[in-house]
Amino acid sequence: MVAASTAFARAQGEREEVGAGGASSAQQEPARERDIVFFEREITLGELLFLCADEVGVKLDLDPSKLSMPVKPRPGVRYGPERAWGYAQQELAAAGFATVQPPGSTALRVVPIGEAASAARVERYDLSDARAGFVRVLAPLERRKAEDLVETVRLLLSKPGGAVNAVREGNALLIADLRPHVEQVLAMLAVLDVPAGAPITEEIALEHVSPVAMGALIERVTNSRKAVGGEALKGAALAVPSARSMLVVAPATELSWWRTTIRAFDRPEPVTTLHYTPRRFGLEDTARLVEQVVRGEAIEAGSAWKLVVDRLTGTLIVTASEADHARVQGLFERLESEAWAPREPLRTFAIKRRRVGEMLATLESLIDAGVLESQGPGQPATTEAQGATGAIAPSAVASSASRQGAGANSTRKITLAADEATSRILAFGEGSVLDQLGTLIESLDVRPPQVLVEATVVSLSDTQTRQLGVELQKIGTSGSTSARLGSLFGLGSPDPAAGVIAPSTLAGASAIVLDPGDFSAVVRALESVNQGRSLTTPKVLVDNNAKAALDSVLQTPYAATNASNTVATTSLGGTLDAGTRVSVKPQVADGGQILLEYTVSLSNFVGESPGDGLPPPRQENKLESVVTIPDGFTVVLGGLEIETQGDASERVPWLGEIPLLGVLFQDRSKTSTRSRFYVFLRCSVWRDELFEGLKYASARELGAAGVDDGTPVLRPRVMR
């Protein structure tokens, strides 16, 4: 097999190619005709049309992008070139299009079926040169008038594309339709083109039986009549499925027999609705088997058929005729007669969205609680119900009475195991219980939503300090006695005895007055303003009902000194952590709300160690609560604001208390401190099965970090 495209392969089939004059080719080797085998379950209609046209050597004038609707060919089936071309025409017609060959053109064009009649050229009567799916042909008549056959031919044409017109000048019919319909009309014209007064064509509408089933039944009746009576009927009945009728072509003497026979068989078949309980095998497996074995015959016979899988009661609800019910009951009797013990099935259930161990624990707890109902072996319990005709099948009543209670109290065990490597649950037990287990796993195996928690921790501090101090010194002498008086607060007033003003090292505004040998004075004014802002933005992704923590801390050691009589040793006294700690546990509720259990703490060191072996002072702001917040909104969860006012004064006793004059003997400072701590939180729920939201949410961080996200680069490629 040689691959020809991504959608099909060509396989060599046997066919000898004969040269001119009937002789074989020069090499005398048989040529091989290539079949088409599709191995993809779905291709586009445009691809199918081009592939098949290439095999039969037909040129197409078509933009394949306009035929992008999917087609599902049967994989593994061999199609000859002509058969493949016919299959492509059928799929094209089902989509509402058809191929036509315009006059003077060597290529086929695809047009809507409604426009095909006006675009197609007129082909030869035998259609020998026609390659298009929609053809137009002129059919001459010899014995009948074209006007008399227009309505009869119109019954055989498709809708809406088929068209027939009478050409009176040449006594011919101009017929346009899909090629299979045109070929059927040409074959019918050979029968209809007889002298007037011979066969009569009449359409008989059907009410209950399908035309295909009626045609098969009429054919058996006419064959039996010929075998018994020895005389064959001259007429014929053709099924018209599109009109749900029979087209009878017969002499006038036989027409009454055809009418009577068709109407006698066109009667409704009684149908009933019965319930079947499979006890030996699983509900789904049994339903598929019943569909494959019984449904095909029911449809061919034209009877009503409907099968409903009732998972709530573990039964199959079948609406069908008595004959179809007999087939179903026979199938059930064969299935339930099988030995029970050696046929307990082993099934595997793929767990796609949750952990296998977690799923296994949940299933075992539900099984221990008696959620799964075991039915045990026995015959199918059948309950009669009123059918579409209002009748009740007598055989079903007897069957129900004889099978009720069989194995009703039987209990069976089910064994579960988890395969972590393949993420599957292995179950061994009854088929009916395994069906319930599969339904339970399907409802439980859902991907929990994920929550992206983005926290913003803001710490603000404002400090303002004002200081005003006056420092005085006075030197006095009386005879041999010298005295020095002063109000010293550490502002650094010069020594009056030195007689020199040293450079000022004081911060702020200062004024120094010196009278050498007499006095000195210093005035200092200082205002300090400090504004700080600390911003921490941790982000963490967590599953629903799962706990996540994000810690960013600094560990600081401190020393301890052990002193003895002879030696002192210094060792590690311990460590102390400070930083940001975030702990969240979200629970997604209905209506786009999130129940969040959180803890946010922000700590830092605020000074040096106060003493040997003691840790440095540490300040911690912490919020802990359970709140309900909306999905995707940024909300403030809490805050802490601390404001401190301080007024300190150093003064000379008694002198500093004198109004106004006491300012000269004081050193005053006023401090105002304000600290604010806020926590903002935004939670976004991601429910996408393909995690597309997480991909785009991470794009900005990936770009900032210079990390490749691994997405392959797509490049255009020319496909031929």
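**Strand pairing, salt bridges and a surface patch in a predicted model**

L238 has L247 in strand 16 as its bridge partner. The model in which this pairing is found is predicted. Strand 15 and strand 16, the latter covering residues 245–251, are paired in the antiparallel sense through five bridges. Both belong to an open sheet of three strands, in which the order is 14-16-15 and the pairing is antiparallel. Strand 14 (199–205) and strand 15 (236–240) stand at the edges of this sheet; each has a single partner strand, so one side of each lacks a neighbour in the sheet. From one strand to the next, the twist averages 20 degrees. In general, the strands of a sheet are paired through backbone hydrogen bonds, in either a parallel or an antiparallel manner.

Salt bridges were examined next. The structure holds 23 salt bridges. One of them is formed by E202 and R259, whose closest N and O atoms are 2.9 Å apart. This pair links distant parts of the chain, with E202 placed in strand 14 and R259 in helix 7 (residues 252–265), 57 residues apart. The edge strand 14 of the open sheet is thus joined to helix 7 through the side chains of E202 and R259. R259 counts as partly exposed because its relative accessibility is 28%, a value that falls between the 20% limit for buried residues and the 50% limit for exposed residues.

A second salt bridge is made by the side chains of R347 and D285, with an N to O distance of 3.1 Å. Here too, distant parts of the chain are linked: R347 lies in strand 20 (residues 346–350) and D285 in helix 8 (residues 283–300), 62 residues apart. With a relative accessible area of 18%, R347 is buried, whereas D285 is partly exposed at 34%.

A third salt bridge connects E454 and R682, and the closest N and O atoms of this pair are 2.9 Å apart. E454 is located in strand 24 (residues 450–478) and R682 in strand 34, so that the pair links parts of the chain that are distant, 228 residues apart. E454 is buried, its relative accessible area being 15%, while R682, with 32%, is partly exposed. D285, R288 and R347 are joined into one network by salt bridges that share partners.

The two strands that carry E454 and R682 are also paired with each other: strand 24 and strand 34 run antiparallel and are joined by 20 bridges. Within this pairing, Q464 stands opposite S672 of strand 34. Strand 34 is further joined to strand 33 by 17 bridges, and these two strands likewise run antiparallel. V636 has F680 in strand 34 as its bridge partner. In a regular strand, side chains alternate between the two faces of the sheet.

The loop between strand 33 (634–651) and strand 34 (666–686) contains L655. This residue counts as partly exposed because its relative accessibility is 36%. L655 is part of a nonpolar surface patch that also includes I658, L661 and L664, and together the four residues have about 300 Å² of accessible area.

Note on methods. Residues numbered from 1 in each chain as written. Predicted model: local features only at pLDDT ≥ 70, side-chain atom pairs only at ≥ 80, totals over all residues. Heavy atoms only, no water. Pairing = 2+ DSSP bridges. Helix = DSSP H or I, 4+ residues; strand = E, 2+ residues; numbered from the N terminus. Axes fitted to C-alpha atoms, helices over the stretch in contact; angles between N-to-C directions. Patch = residues over 30% accessible without salt bridge, like charges linked within 9 Å, V, L, I, M, F, W, Y side chains within 5 Å. Areas by Shrake-Rupley, 256 points an atom, 1.4 Å probe, with all protein chains shown as cover. Buried < 20%, exposed > 50% of the residue type's maximum accessible area, 1.4 Å probe, protein only.
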